[in-house]
Amino acid sequence: MISLKNVSVVYRNFQLGPVDLTVPGEEFFMLMGPTGSGKTLLLEAIAGLAPLHSGTVTVAEEDVTGNSPGRRSVGIVYQDSALFPHLTVEQNIRYGIRYMTGESRFGFDELVKLLDLQPLLGRLPEKLSGGEKQRTALARALVTDPGVILLDEPLSSLDQMFKGGIRRELKKLHRETGTTFMMTTHDFADALSLGTRGAVIREGRIEQEGTVEELFYSPGTPFMASFVGMKNVFSARFRGCCAEVRGMEIHTAAGRTGGGFIAVPPEAVVLSLQPVETSERNRFRGSVTGVEQTGSLCEVSVECGSGPRLISRITRKSLLKLGIEEGLELYVSFKASAVHVF
Amino acid sequence: MRSGPFFRVCFFFAAAVLLFLALPLLNIATAPSPAIIWDSFHDGEIMGAVLLSLYTSGMAAVICLVVGTPFAYLLARKDFRGKSLVQSVVDIPIVIPHPVVGIAILAVTGRNHWLGRILSDLGIRIMGTPTGIITVLVFVSIPFYINAAREGFVSVPRRLEKASMTLGASRLSTFGRITLPLAGRSMVTGTIMSAARALSEFGAVVVVAYHPMIAPVLMFERYQAYGLKYSQPVAFILVAMSLAIFILLRVLSSGKRVRT
């Protein structure tokens with residue numbers, strides 16, 4: 001369990017916090033946010049590696065605010081694994097054993113077997129692949145049986161082909177050790193596949209906290225909506241189940257009054273050359289102002305009169321089939337239930 | 001691939017510089033006859049001066065290592081107001097004329113200065129003693145050690161030290177098990193550089209301690225009294241012995257460089 005109360009850290013011109021956060025024991029908690037938002041600094045504050053300006057840190061029911069990093073029951077795994085380059089894999093894993101004061105639930109042999117490190121024990125870190133390095137760093141952090149494992153973007157430096165394997169290893173480790181994991185990531189796929197709960201941090205403060213599904217599908221602020229990839233985020237005036245956005249009336253499933261925001265996932269915005277009778281309650285005519293390739297998908301921007309510019313994400317095949325190019329007049333439509341109101 | 005005219009010009013200048021550096025040293029090695037060199041090895045004054053040079057410069061290098069290491073680590077790891085000024089102060093001995101160093105050290109260690117009176121009360125003499133020689137040698141050579149060691153510490157990622165501390169190691173233990181082995185090569189390089197600098201010092205030493213004579217002072221005296229021919233054997237023995245020691249240190253400290 002991790003509990004942060006009013007935690008703030010001042011590092012050069014950057015202020016982290018104040019942060020209040022509780023992560024129950026045995027949870028896999030995801031910490032997300034843009035680069036420079038303070039994710040790593042928060043992990044280092046928990047680990048005792050960044051001095052607190054204010055607040056208290058509790059790990060496994062013990063107030064560790066005044067403790068040195070080695071007396072906090074916290075293990076850390078960095079993005080670059082931070083293996084000691086002059087020590088072999090075995091020496092790296094055994095590094096912390098001599099400083100242990102209590103018993104560990106995991107023996108060296110057990111962890112080596114669990115993470116399949118037996119053939120690598122005699123190697124130096126420079127002879128390891130990215131995935132092998134991270135597995136070694138995980139074993140090194142777990143061998144002292146800390147109450148909490150902090151993972152600082154452990155997958156971001158790995159090739160795509162290694163990522164899946166390490167994700168599975170992390171899941172298995174979390175399940176079999178029952179240790180609290182807190183992991184920072186940029187990758188939504190990591191968050192969705194590993195995390196149970198999470199938080200998004202922005203400019204040193206928690207923007208939103210909740211289950212991973214809530215973070216992605218019910219963003220509470222315009223920043224959150226754009227952070228999780230909802231491209232069509234607009235401020236609106238609400239009258240029941242109708243949101244007015246720059247003169248355009250957009251039907252919503254949820255009713256409310258006053259000011260607020262709406263967001264429409266670009267995947268939910270359908271493009272057609274002719275007006276088609278469907279159950280979709282929002283349909284507008286507009287002209288294409290831009291087409292951007294994003295891998296196998298394309299993002300098409302459509303200007304709808306004086307209303308907002310809507311972005312639709314479609315396949316390249318659909319783009320070619322409809323003959324979409326800049327200046328083409330077409331129809332955009334989306335369901336009222338696809339409009340997220342906040 | 002054939003080198004173009006640009007690289008031919010570069011090669012020409014490289015060869016000219018190498019010749020410029022090597023020719024005087026080759027002459028030192030070849031000018032004295034083997035008989036003169038053999039006699040020099042049995043000349044008590046020459047061997048006494050050479051051994052005193054090796055002793056005082058070795059001691060100076062050890063002192064630089066001991067007192068310079070914490071200082072270099074501090075410069076590598078901590079940011080503080082006035083840090084660039086502190087770094088400039090460290091480099092001062094490199095840029096000021098060395099007789100000035102000798103005069104400055106004599107001024108603060110003489111009886112007219114409070115520090116000199118304290119040293120005198122403690123029975124420590126600077127003027128005309130090996131202690132005085134070591135003092136000026138530390139002064140002129142410590143920037144070489146601190147700069148090399150600082151670069152070595154900077155090259156060790158902080159994350160390695162942080163990871164070590166979360167695994168239970170104290171700062172001191174982390175320094176001993178992680179930082180020192182990874183920066184050790186730079187520290188040895190710094191020690192060799194500071195020893196080399198100390199070994200070649202003349203200007204500051206001749207002010208503080210003409211006697212007992214270190215090798216460069218003896219060379220100067222023999223050159224003035226008897227001419228070039230009699231100073232060259234001293235130079236040959238000094239260069240030969242110091243090269244042997246530096247090569248040995250290099251070999252001992254060499255090993256596979258660890259990528260951090």
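## Around Ser301(A)

Ser301(A) makes a good starting point: leaving aside residues up to four places away in sequence, this serine touches Ser287(A), Val288(A), Thr289(A), Gly290(A), Arg309(A), Leu310(A) and Ile311(A). Ser301(A) sits in strand 15 of chain A. With a relative accessible area of 13%, Ser301(A) falls under the 20% cut-off, so the residue counts as buried. Please keep in mind throughout that this is a predicted model.

Strand 15 (residues 297–303) of chain A also holds Glu299(A), and that residue leads us to the charged pairs.

## Salt bridges within chain A

Over all chains, the structure holds 25 salt bridges. One of them joins Arg167(A) and Asp190(A), whose side chains meet at 2.7 Å, N to O. Arg167(A) belongs to helix 5 (residues 160–177) of chain A and Asp190(A) to helix 6 (residues 188–194) of chain A, so this pair ties together parts that are 23 residues apart in sequence. Both Arg167(A) and Asp190(A) are buried.

Another salt bridge connects Glu209(A) with Arg197(A), with the closest N and O atoms 2.8 Å apart. Here the link runs between strands: Glu209(A) lies in strand 10 (residues 205–211) of chain A and Arg197(A) in strand 9 (residues 197–202) of chain A, 12 residues apart. Glu209(A) has 33% relative accessibility and counts as partly exposed.

Now back to strand 15. Glu299(A) forms a salt bridge with Lys231(A), and their closest N and O atoms are 3.3 Å apart. Lys231(A) is in the loop between helix 8 (222–227) and strand 11 (232–245) of chain A, while Glu299(A) is in strand 15, so the pair ties together parts that are 68 residues apart in sequence. Is each partner buried or partly exposed? Glu299(A), at 7% relative accessibility, counts as buried, whereas Lys231(A) is partly exposed, with a relative accessible area of 42%. Through shared partners, salt bridges join Lys231(A), Glu267(A), Glu299(A) and Arg313(A) into one network.

## Where chain A meets chain B

The contact between the chains draws on 27 residues from chain A and 21 residues from chain B. Together, chain A and chain B bury about 2100 Å², and 58% of that area is on carbon and sulfur atoms. There are 4 salt bridges between chain A and chain B. Arg159(B) and Asp80(A) form a salt bridge in which the closest N and O atoms are 3.8 Å apart. The two chains also have 8 residue pairs in polar contact, counting pairs with both residues at pLDDT 80 or more.

Which elements of chain A supply at least two residues each to the side that touches chain B? They are helix 1 (39–47), strand 6 (74–77) and helix 4 (130–142). Helix 1 of chain A gives the most to this side, with 3 residues. By type, the residues on the side of chain A that touches chain B divide into 13 nonpolar, 6 polar and 8 charged.

## Nonpolar cores

In soluble globular proteins, nonpolar side chains tend to be buried together. In this model, the largest nonpolar core has 92 residues, and those with the most contacts inside it are Leu4(A), Ile46(A), Leu150(A) and Met182(A). Helix 3 (residues 44–77) of chain B gives the most to this core, with 12 residues. A second, separate core of 46 residues includes Phe28(A), Phe106(A), Leu138(A) and Leu170(A).

What does Leu150(A) touch, residues up to four places away in sequence aside? Its neighbours are Ile2(A), Leu43(A), Ile46(A), Ala47(A), Val74(A), Gly75(A), Ile76(A), Val77(A) and Met182(A).

## Backbone details in loops

Two non-glycine residues with positive phi are worth finding in the structure. Glu26(A) has a phi of about 65° and is placed in the loop between strand 2 (14–23) and strand 3 (28–32) of chain A. Glu26(A) is exposed, with a relative accessible area of 57%. Ala60(A) has a phi of about 50° and lies in the loop between strand 4 (54–59) and strand 5 (62–63) of chain A. Ala60(A) is partly exposed, with a relative accessible area of 42%.

In chain B, a cis peptide bond joins His211(B) and Pro212(B), with omega about -10°. Pro212(B) is found in the loop between helix 10 (203–208) and helix 11 (215–226) of chain B.

Note on methods
Residues numbered from 1 in each chain as written. Chains lettered and ligands numbered in written order. Predicted model: local features only at pLDDT ≥ 70, side-chain atom pairs only at ≥ 80, totals over all residues. Heavy atoms only, no water. Helix = DSSP H or I, 4+ residues; strand = E, 2+ residues; numbered from the N terminus. Buried < 20%, exposed > 50% of the residue type's maximum accessible area, 1.4 Å probe, protein only. Contact = heavy atoms within 4.5 Å. Buried area = accessible area lost by both parts, 1.4 Å probe. Polar contact = N/O pair within 3.5 Å; in protein donor to acceptor, adjacent residues only side chain to side chain. Nonpolar A, V, L, I, M, F, W, Y, C, P; charged D, E, K, R; others polar. Core = buried A, V, L, I, M, F, W, Y, C linked by side-chain atoms within 4.5 Å.
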